[in-house]
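Please open the model in your viewer and keep the sequence panel beside it. The stops below are meant to be selected one after another, with a short account of what is there at each.

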Amino acid sequence: MKKKLKTIFTVLAFVVCLTFMNLPVSAASMLPKYDTIYSNTVILEDGSYIVDELQVLSPNDNSVTPAASTYTKSATRTYTYYNTANKKCWTFHLKGTFQYNGSTAKATSSSTSYSIFVNGWKCNSRNSSCSGNTVKGTANFKMLLNNINVTIGLRCSASGTISNVNY
């Protein structure tokens, strides 16, 4: 009887372990998957620099409206500022959502967000807008005498290709 209980307990423990081992994988697979399709570093006059990245929601996660053959795609452009000591100071994000159908494309929503990593920096203003097939984001970051204005954009082609817009 003890041996039978021990076997049942072992099997139960094994099943519980398998269940919990699979949870993080299942939860992670439900998160959106962004692919980085562009990354560039811009060095400023004082030696500080900005890392500019474009990430697009991976194609298998795009939504489709079957009757109209209209596709939806989201992308995020991220500007990260590093000071002359290579310390990450702040990050500015522009997110755009687009609809396209092979003939036309249009921007349906835009938003901005930011994170501050070094005390003293602050975001004085930020804004986003949609116009045609383009989203635009602006922001102003300031610390003492450092004053950085950011204006970035994203564009979607009729075939669903997302690209950067520089102003």
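Select leucine 54 together with arginine 77, since arginine 77 in S4 is the bridge partner of leucine 54. The model you are looking at is predicted, and the positions described here are to be read as those of a computed structure. Widen the selection to strand S2 (49–57) and strand S4 (70–82), and you have two strands that run antiparallel and are joined by 8 bridges.

Keep arginine 77 selected and add serine 39, which is found in strand S1 (residues 34–43). The two residues are 38 residues apart in sequence, and their C-alpha atoms are 9.7 Å apart in space. Leaving aside neighbours within four places in sequence, serine 39 is in contact with Val51, Asp52 and Glu53. Is serine 39 buried, partly exposed or exposed? Its relative accessibility is 47%, and therefore serine 39 counts as partly exposed.

Return to S4 and colour the strand by accessibility: 12 of its 13 residues are buried, so S4 is largely enclosed by the rest of the structure. On to its pairing with S5, where 12 bridges join S4 to S5 and the strands run antiparallel. Within this pairing, select serine 74, and you will find threonine 97 of S5 standing opposite. As you step along a strand, bear in mind that in a regular strand the side chains alternate between the two faces of the sheet.

Follow the chain from S4 into the hairpin that S4 forms with S5, which has 5 residues between the strands, and stop at asparagine 86 in that loop. Asparagine 86 has a positive phi of about 60° although it is not a glycine, and it counts as exposed because its relative accessibility is 53%. A second place to check for backbone geometry is leucine 144, which is located in the loop between S8 and S9. The phi of leucine 144 is near 50°, again a positive value in a residue other than glycine, and with a relative accessibility of 76% leucine 144 counts as exposed.

Next, turn to the interior and display the largest nonpolar core, which has 25 residues, and in which Trp90, Phe92, Trp121, Phe141, Val150, Leu154 and Ile162 touch the most other members. The elements that give two or more residues to this core are S2, S4, strand S5 (88–100), strand S8 (134–143) and strand S9 (146–156). Which of the elements gives the most to this core? S5 does, with 6 residues.

Centre the view on phenylalanine 141, which at 0% relative accessibility counts as buried. Leaving aside neighbours within four places in sequence, the residues in contact with phenylalanine 141 include Trp90, Phe92, Tyr114, Trp121, Cys123, Ile148 and Val150.

Now show the aromatic rings, of which the structure holds 8 pairs. Tyrosine 81 and tryptophan 121 form one that is edge-to-face, at 5.2 Å centre to centre and with 65° between the planes. This pair links distant parts of the chain, since tyrosine 81 is in strand S4 and tryptophan 121 is in the loop between strand S6 (105–116) and strand S7 (122–131), 40 residues apart. Both tyrosine 81 and tryptophan 121 are buried. Tyrosine 114 and phenylalanine 141 form an edge-to-face pair as well, at 6.1 Å centre to centre and with 80° between the planes. Tyrosine 114 lies in strand S6 and phenylalanine 141 in strand S8, so this pair ties together parts that are 27 residues apart in sequence. Tyrosine 114 is partly exposed, with a relative accessible area of 35%. To see these rings together, select Tyr81, Trp90, Phe92, Tyr114, Trp121 and Phe141, which form one aromatic cluster.

Two lysines come next. Lysine 88 lies over the face of phenylalanine 117, at 4.7 Å from the ring centre, and lysine 136 lies over the face of tyrosine 167, at 4.7 Å from the ring centre.

Finish with the cysteines. Cysteine 123 counts as buried at 17% relative accessibility, whereas cysteine 130 counts as partly exposed at 35%. How many disulfides does a search of the whole structure find? The search finds 0.

Key: Residues are numbered from 1 along each chain as its sequence is written. This is a predicted model: local features need pLDDT of at least 70, side-chain atom pairs count only at pLDDT 80 or more; totals for chains, interfaces and linings use all residues. Side-chain values use heavy atoms; hydrogens and water are left out. A nonpolar core is a set of buried Ala, Val, Leu, Ile, Met, Phe, Trp, Tyr and Cys residues joined through side-chain atoms within 4.5 Å. Buried means under 20% relative accessible area, exposed over 50%, partly exposed in between (1.4 Å probe, protein chains only). Helices (H or I, at least four residues) and strands (E, at least two) are DSSP runs, numbered from the N terminus. Contact means heavy atoms within 4.5 Å. Two strands pair if DSSP finds at least two bridges between them. A disulfide is a pair of cysteine sulfur atoms within 2.5 Å. Rings of Phe, Tyr and Trp (its six-membered ring) pair if their centres lie within 6.5 Å; planes under 30 degrees apart count as stacked, over 60 as edge-to-face and the rest as tilted. A charge sits over a ring if NZ of Lys or CZ of Arg is within 6 Å of the ring centre and within 35 degrees of the ring normal.
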